[in-house]
Structure formats: C-alpha cells, structure tokens
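Work through the exercises below with the model open. Try each task before reading its solution.

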Amino acid sequence: MKHVTCIEDLRQLHKRRVPKAFFDYADRGSYAEETLRANCDDLKKIKFRQRILVDVSQRDPSTTILGEPAALPLILAPVGLLGMQHGDGEIHACRAAQAAGIPFTQSTMSICSIEDIATAVDRPFWFQLYVMKDRGFIKSLIERAIAAKCSALVLTVDLQVIGQRHADIKNGMTVPPEWSLGKLIDFATKPAWVTGVLQGKRRTFGNLVGHLKGTDDITALGTWIGTQFDTTLNWKDVDWIRSIWPGKLILKGILDVEDAEIAAKSGAQAIVVSNHGGRQLDGAPSSIAVLPEIVDSVGSKLEVMFDGGIRSGQDVMRALAFGAKSCMIGRAYAYGLGASGQAGVTKAIDIIRNELNTTMGLCGVNTIAEIDEKVIAD
C-alpha cells in the first residue's frame with residue numbers, strides 16, 4: 001500500500017487479488033455502461049479556478065451530515081456482497097469508516113448481517129433498505145435495524161425493475177461461489193482471498209438467512225428479486241416506512257426534479273442524487289448533470305447528497321461546488337476493500353481526504369462551507 005497514490009491504483013490491486021466474478025460485480029454497470037462512464041466523464045469535464053496568494057493555512061474538511069459531525073463530507077455507500085470482496089468485508093469497511101469519522105451504510109444484500117456488524121463495531125451505522133412485496137420481511141428488517149441502533153435508514157427507490165448487468169451473466173457469478181473449473185483456477189491464483197473469505201462469518205446473504213430460502217446464488221436471488229421486488233412501489237409505501245422507522249430517513253436514487261420535489265414533502269431528511277452507479281437505467285443522465293437543478297429546487301428543504309462517479313477528492317469538491325452537502329462513494333472504497341481489507345478502505349478514504357484538502361488549498365478555500373460555484377472555472 002506504500003506506493004498506492006490514487007483510487008485507480010486500488011482498483012488495479014483489487015482486480016489482481018479478487019476473483020474476476022466478484023471484481024466485475026463491483027466494477028461494471030448495466031447494458032452498454034453509457035451511464036456508468038458518463039458519471040465519471042462528466043465530473044472530469046468540470047474545471048476549477050486556481051486561486052493564489054490566499055491564506056489557506058487553516059484548511060478544515062470537516063462538516064456535519066444530517067446534523068452529526070463528520071470528519072469529511074463523505075459517506076461509504078451501500079454496496080452488496082462486500083463480504084465476497086474480502087472476508088467479513090462489511091465489518092472491515094464499517095470499522096474503517098468509523099475510525100475516519102464518517103458514516104458507513106450497510107446494504108440489505110450484504111454478506112454480514114445487521115447483527116454481525118452491530119456486535120463488531122462501537123458506534124451506530126446506517127442501514128440501506130430495498131422494499132419487496134413481502135412487507136412482513138421488510139418490517140422485520142426495519143425492526144432489526146432499530147434494534148441494532150442504526151442511526152439512519154437509506155431507502156433505495158430506483159430498483160423496482162432490475163437493469164441487466166452483462167458481466168454478471170457472463171461470469172456466472174454465484175454466492176457462495178460455484179466450483180467450476182474456470183473459477184477453481186481463478187481462485188487458486190488468489191489464496192489470500194480464499195483464506196479470508198473462508199475465515200469470514202458468512203458466505204451467503206446474512207440478512208436473508210432464516211428469513212428467505214433459496215437465495216444462496218445470484219441466479220436464485222435474481223429469481224427471488226423478480227418475484228419480490230415490487231413494481232407497484234409508490235410514495236404511499238414511503239409513508240408506511242416512515243410510520244415504522246423512528247429515525248432519520250434518506251431516499252437514495254433521485255434523478256429528476258419532480259421526484260425531488262415530492263421527496264421534499266415525504267418526511268425524509270435527505271435525498272441522494274444517484275443513478276445507482278450506472279447499474280440500473282443505462283442512458284440516464286450522469287448524477288452530476290442533474291445535481292444543480294435538484295439543489296436549486298429542494299436544497300433549502302432537505303439535505304442533498306451526491307452519488308455517482310466519485311473517484312477522487314477533486315470529484316468531491318466538484319459535487320460540493322454544485323450544491324451537494326456530502327458525497328457517497330461505493331466503488332472507490334470497494335476497490336480498497338478488495339485490494340487490502342480494512343487497510344485498503346482506510347487508504348481509499350485517506351486518498352480522497354488528501355486530494356480534497358489539496359484542492360481546497362489550490363482553490364483558495366479553508367472550509368467546506370466556502371465551497372460553492374465560485375471555485376469552478378467558467
């Protein structure tokens with residue numbers, strides 16, 4: 001890790017150290033991956049104003065997220081199957097986030113269960129919820145998150161219909177891994193990964209064990225999703241969830257101003273402007289392309305978070321300049337986890353922190369509150 005200088009370095013290590021099926025699961029997007037690429041490309045097009053002879057000796061990247069202090073305007077986003085990138089991956093990622101002073105969000109489709117993480121860390125974390133037809137199961141998940149003292153519920157609202165991810169189909173990815181000859185050869189070249197996963201608490205979906213049967217592989221899970229993810233899901237269901245969940249509610253997957261305006265009246269404390277990392281509607285706009293108009297419309301009514309394409313501290317600065325209050329990273333820390341477990345996640349956070357701190361200095365700002373459109377070149 002000594003010579004790792006950027007998130008792409010972590011990505012390359014991840015690619016070498018984790019079997020192809022699981023690397024591709026984290027790395028790839030849906031269909032032609034147009035939106036996946038646009039998320040990163042559109043951020044890179046935004047250029048900064050370099051400012052000189054400004055006293056930037058007191059730079060401070062700390063902020064508040066939903067009223068709670070945070071060392072950075074950064075959140076580890078929900079990522080499924082982290083425990084297949086590295087044994088007990090969700091626990092390691094949560095520990096790294098908490099040590100860095102930022103929130104971690106556990107995915108419904110995690111390997112470790114809510115309870116596994118709660119007993120392994122010192123402070124509350126966020127929980128991400130998918131809504132299925134089986135409302136009894138959803139209610140029990142929310143109640144488990146309450147019992148685990150999760151400090152926020154992130155309701156993902158853009159997965160009623162599943163975008164096809166070609167790489168997963170081509171890789172025949174399963175959880176636990178199916179032992180085909182090709183996979184056996186792949187796994188044999190990655191003994192550290194094999195050892196770590198075998199030593200982990202689980203190798204299947206921890207939040208589903210004892211609640212849902214027949215979801216030990218992606219094919220079975222896909223079948224289950226096809227029958228359980230509810231295409232009738234609507235804003236009344238948000239009201240129902242709000243009636244059960246007593247804490248802070250975040251709606252993740254807003255990409256349209258009209259939807260943002262409805263969300264602002266839903267009782268949620270925040271929204272995440274997101275296209276699911278380019279893993280759902282291919283051909284949708286990049287998250288950064290729609291962020292400004294959403295902020296203009298609802299930014300005074302609730303907290304607007306950003307997700308999609310963040311690979312650097314410069315990208316965080318760009319999203320903040322366009323009005324976001326904080327940013328989620330998914331792939332960036334998943335690469336670190338696959339590369340080197342908890343130390344890799346810590347490295348990913350450190351890289352983004354250092355890049356953000358440097359960019360603030362070169363743009364002539366000392367605090368997160370000072371970052372606005374004036375740091376962007378015309």
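**Exercise 1. Two helices**

At what angle do helix 1 and helix 15 pack, and how far apart are their axes?

Solution. Start with the ground rules. This is a predicted model, in which local features need pLDDT of at least 70, side-chain atom pairs count only at pLDDT 80 or more, and totals for chains, interfaces and linings use all residues. Residues are numbered from 1 along each chain as its sequence is written, and side-chain values use heavy atoms, with hydrogens and water left out.

Step 1. Locate the elements. Helix 1 covers residues 7-17 and helix 15 covers residues 331-362. Helices (H or I, at least four residues) and strands (E, at least two) are DSSP runs, numbered from the N terminus.

Step 2. Read the geometry. The helices pack at an angle of about 175°, and their axes are 10 Å apart. Axes are lines fitted to C-alpha atoms, for helices over the stretch in contact, and angles run from 0 to 180 degrees between N-to-C directions.

Step 3. Classify. Helix 1 is therefore roughly antiparallel to helix 15. The classes are: under 35 degrees roughly parallel, over 145 roughly antiparallel, 65 to 115 roughly perpendicular, and the rest oblique.

Step 4. List the contact (heavy atoms within 4.5 Å). Helix 1 contributes Ile7, Leu10, Arg11, Leu13, His14 and Arg17. Their counterparts in helix 15 include Ala332, Tyr335, Gly338, Lys347 and Ile352.

Step 5. Sort by type. The contact of helix 1 with helix 15 holds 10 nonpolar, five polar and three charged residues. Here Ala, Val, Leu, Ile, Met, Phe, Trp, Tyr, Cys and Pro count as nonpolar, Asp, Glu, Lys and Arg as charged, and the others, Gly among them, as polar.

**Exercise 2. The sheet**

Determine the strand order of the open sheet and its edges.

Solution. Step 1. The sheet has eight strands in the order 3-10-9-8-7-6-5-4, with parallel pairing. Two strands pair if DSSP finds at least two bridges between them.

Step 2. Strand 3 (74-76) and strand 4 (105-106) are the edges, each pairing on one side only.

Step 3. Check one end. Strand 3 is joined to strand 10 (residues 326-329) by three bridges. Ile75 faces Met328 there.

Step 4. Move to strand 7. Strand 6 (residues 152-156) runs parallel to strand 7, with five bridges. Leu155 has Leu251 as its bridge partner. Strand 7 also pairs with strand 8, through four bridges in the parallel sense. Lys252 stands opposite Val272, and Ile254 opposite Val273.

Step 5. Ask about burial (buried: under 20% relative accessible area; exposed: over 50%; partly exposed: in between; 1.4 Å probe, protein chains only). Six of the seven residues of strand 7 are buried, so strand 7 is largely enclosed by the rest of the structure. Strand 8 is covered on both faces: Ala270 and Val272 are buried on one side, Ile271 and Val273 on the other.

Step 6. Add the helix. Helix 13 (residues 287-298) lies across strand 7 (248-254), strand 8 (270-273) and strand 9 (303-307). Its angle to strand 9 is about 180°.

**Exercise 3. Two buried residues**

Which residues does Asn39 contact, leaving aside neighbours within four places in sequence?

Solution. Step 1. Asn39 belongs to helix 3 (residues 34-44). Its relative accessibility is 2%, so Asn39 counts as buried.

Step 2. Its contacts are Asn275, Gly277, Gly278, Ser286, Ser287, Gly308 and Gly309.

Step 3. Now take Gly83, in the loop between strand 3 and helix 4 (89-100). Gly83 is buried, at 1% relative accessible area. Not counting residues up to four places away in sequence, Gly83 touches Asp88, Gly89, Glu90, Ile111 and Val197.

**Exercise 4. Cysteines and phi**

Why do Cys6 and Cys327 form no bond with Cys40?

Solution. Step 1. The structure holds zero disulfides. A disulfide is a pair of cysteine sulfur atoms within 2.5 Å.

Step 2. For Cys6, the closest cysteine sulfur is that of Cys40, 13 Å away and too far for a bond. For Cys327, the closest is also in Cys40, at 13 Å, again too far.

Step 3. Compare exposure. Cys6 is partly exposed at 23%, whereas Cys327 is buried at 0%.

Step 4. Turn to the backbone. Most residues other than glycine have a negative phi. Tyr31 has a positive phi of about 50°, and Glu33 one of about 65°. Tyr31 is partly exposed at 40%; Glu33 is buried at 12%.
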